[in-house]
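The following exercises are to be worked through with the model at hand. Each task is followed by a solution in steps.

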Amino acid sequence: MRTTNQPASAVLNSWRKFVEKGKLDRKIIRSEIADSWLRCREAGVDPFVGCSTHKLSPAELARLLEEHQILIDVARPFMKTLYKFVESSSFVVLLCDERGYIMETVGDPEILRSSPELNFQQGALWAEEEIGNNGVGTTLFLQRPFQVSGGEHYCRKHHPWTCSGTPIRNEQGGLIGILEMSGPVEATHQHTLGMVVAAAEAIKQQISVQMKNRELTLLNEHLNNLFLTVSDGVVVVDNQGVIVQINPVAEKIFRAKAKNLVGALLFSCIDKPEPIQDLLKSGRSFNDLEMNVAFRSASSPCLASAKPIRDETG
């Protein structure tokens, strides 16, 4: 995450020597930047262009946005928050996919409209081989947070900018996107990259929470379907013995509808409340206990089994 400590003039002079004569001064230029310049030259990037000309078709873009909808929806508010810290300073926050295609932008409207030479449009490719080293493409190559500032950019049109990018990963460590913030060199703070990294980590955590909630919802739906279709009567009570859920088979056994049973005290509906009371107190299960159940009607004999439901604390 280290940025250059060399004077801007020294970096710019080194850039000129490299693009004009092919000479690379590694005493002045950071190793990551020097290596990225070599990659850009090998890829045939024109240092005097630096604008993305490769753009997804409308159909390809629509598919990209659909496939990454969760990431985009989660990232958007974090991008807006990140931009608020630098608002009115000509900054732009980018969200790209794992290949470097722009999916979402938040930033100075005037900059977004008036910078065709940089192409902040959705679907534009910001990989190194397309526009030279930058906060998206170089971060993709290095697979870690990185900042490219001023004359460190291989393409001259990016020299007024500092680009700070970081990977966004899923819980398994897989790359799912790049978060990047670009702004004028003179307005970039020393903690800009750290802010971007913190935002990316928050995005990762929020996605994790959403995925877990989704899994719990699906599991709950599955369990609820089993609850409603199982051939045995099932009654769920809280820790006070109050009925909170009952399935259709149990309705027939109690000869009452769930809407009337929910909220009632189970102890008042059975002739042997002691085992239930003991279970709620000690957590001891029981199986195949004969008892009679009734709710405002004649009783029904049944074999009852019960076990406690525990949360993560026991």
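**Exercise 1. Determine which residue of S4 stands opposite Val148, and describe the sheet around this pair.**

Step 1. Val148 faces Cys163 in S4; helices (H or I, at least four residues) and strands (E, at least two) are DSSP runs, numbered from the N terminus. The model is a predicted one, in which local features need pLDDT of at least 70, side-chain atom pairs count only at pLDDT 80 or more, and totals for chains, interfaces and linings use all residues. Residues are numbered from 1 along each chain as its sequence is written, and side-chain values use heavy atoms, with hydrogens and water left out.

Step 2. A second bridge partner can be located: Ser149 is matched by Thr162 in S4. Over 4 bridges, S3 and strand S4 (residues 161–169) pair in the antiparallel sense; two strands pair if DSSP finds at least two bridges between them.

Step 3. The wider arrangement is an open sheet of 5 strands, ordered S2-S1-S5-S4-S3, with antiparallel pairing. Strand S2 (102–107) and S3 each have a single partner strand and stand at the edges, so one side of each is left without a neighbour in the sheet. On average, neighbouring strands of this sheet are turned by 15° against each other, direction ignored.

Step 4. Helix H8 (residues 192–229) packs on the sheet and touches S3, S4 and strand S5 (175–184). The direction of H8 makes about 25° with that of S4. Contact means heavy atoms within 4.5 Å.

**Exercise 2. Are the two faces of S3 covered or open?**

Step 1. In a regular strand the side chains alternate between the two faces of the sheet.

Step 2. In S3, Phe146 and Val148 lie on one side, and Gln147 and Ser149 on the other. These residues are all buried, and both faces of S3 are thus covered. Buried means under 20% relative accessible area, exposed over 50%, and partly exposed in between (1.4 Å probe, protein chains only).

**Exercise 3. Characterise the packing of helix H4 (residues 69–84) against H8.**

Step 1. Two packed helices are described by the angle between their axes and the distance between the axes. For H4 and H8, the axes come within 9 Å and cross at roughly 145°. Axes are lines fitted to C-alpha atoms, for helices over the stretch in contact, and angles run from 0 to 180 degrees between N-to-C directions.

Step 2. On the H4 side, the contact is made by Ile70, Leu71, Val74, Ala75, Phe78 and Leu82. Their counterparts in H8 include Met195, Ala199, Ile203, Gln206, Ile207 and Arg214. By class, the contact has 13 nonpolar, 2 polar and 1 charged residues; Ala, Val, Leu, Ile, Met, Phe, Trp, Tyr, Cys and Pro count as nonpolar, Asp, Glu, Lys and Arg as charged, and the others, Gly among them, as polar.

Step 3. Val74 serves as an example. Its relative accessible area is 4%, so Val74 is buried. Apart from neighbours within four places in sequence, Val74 contacts Ile203, Gln206, Ile207 and Gln210. Val74 and Ile203 are 129 residues apart in sequence, yet 6.4 Å apart in space, C-alpha to C-alpha.

**Exercise 4. Which elements cover the buried residues of H2?**

Step 1. Helix H2 (residues 31–42) has 12 residues and reaches 17 Å from first to last C-alpha, close to the 16 Å expected at 1.5 Å a residue. The expected span is 1.5 Å times one less than the number of residues.

Step 2. The buried residues of H2 are Glu32, Ile33, Ala34, Ser36, Trp37 and Cys40. Their cover includes helix H1 (8–21), helix H6 (128–131), helix H7 (137–142) and strand S3 (146–149).

Step 3. Ser14 is placed in helix H1 and counts as buried at 5% relative accessibility. Leaving aside neighbours within four places in sequence, Ser14 is in contact with Lys23, Asp25, Ile28, Ile29 and Trp37.

Step 4. After H2 comes Gly44, with a positive phi near 80°.

**Exercise 5. Where do residues other than glycine with a positive phi lie?**

Step 1. Arg255, not a glycine, has a positive phi of about 55°. Arg255 belongs to the loop between helix H9 (248–254) and helix H10 (258–261).

Step 2. Asp288 has a positive phi near 50° and is found in strand S8. With a relative accessible area of 55%, Asp288 is exposed.

Step 3. Strand S8 (residues 286–293) runs antiparallel to strand S9 (residues 300–306), and 6 bridges join them. Phe286 has Ala306 in S9 as its bridge partner. S8 and S9 form a hairpin with 6 residues between them, and in the turn Arg296 has a positive phi of about 55°.
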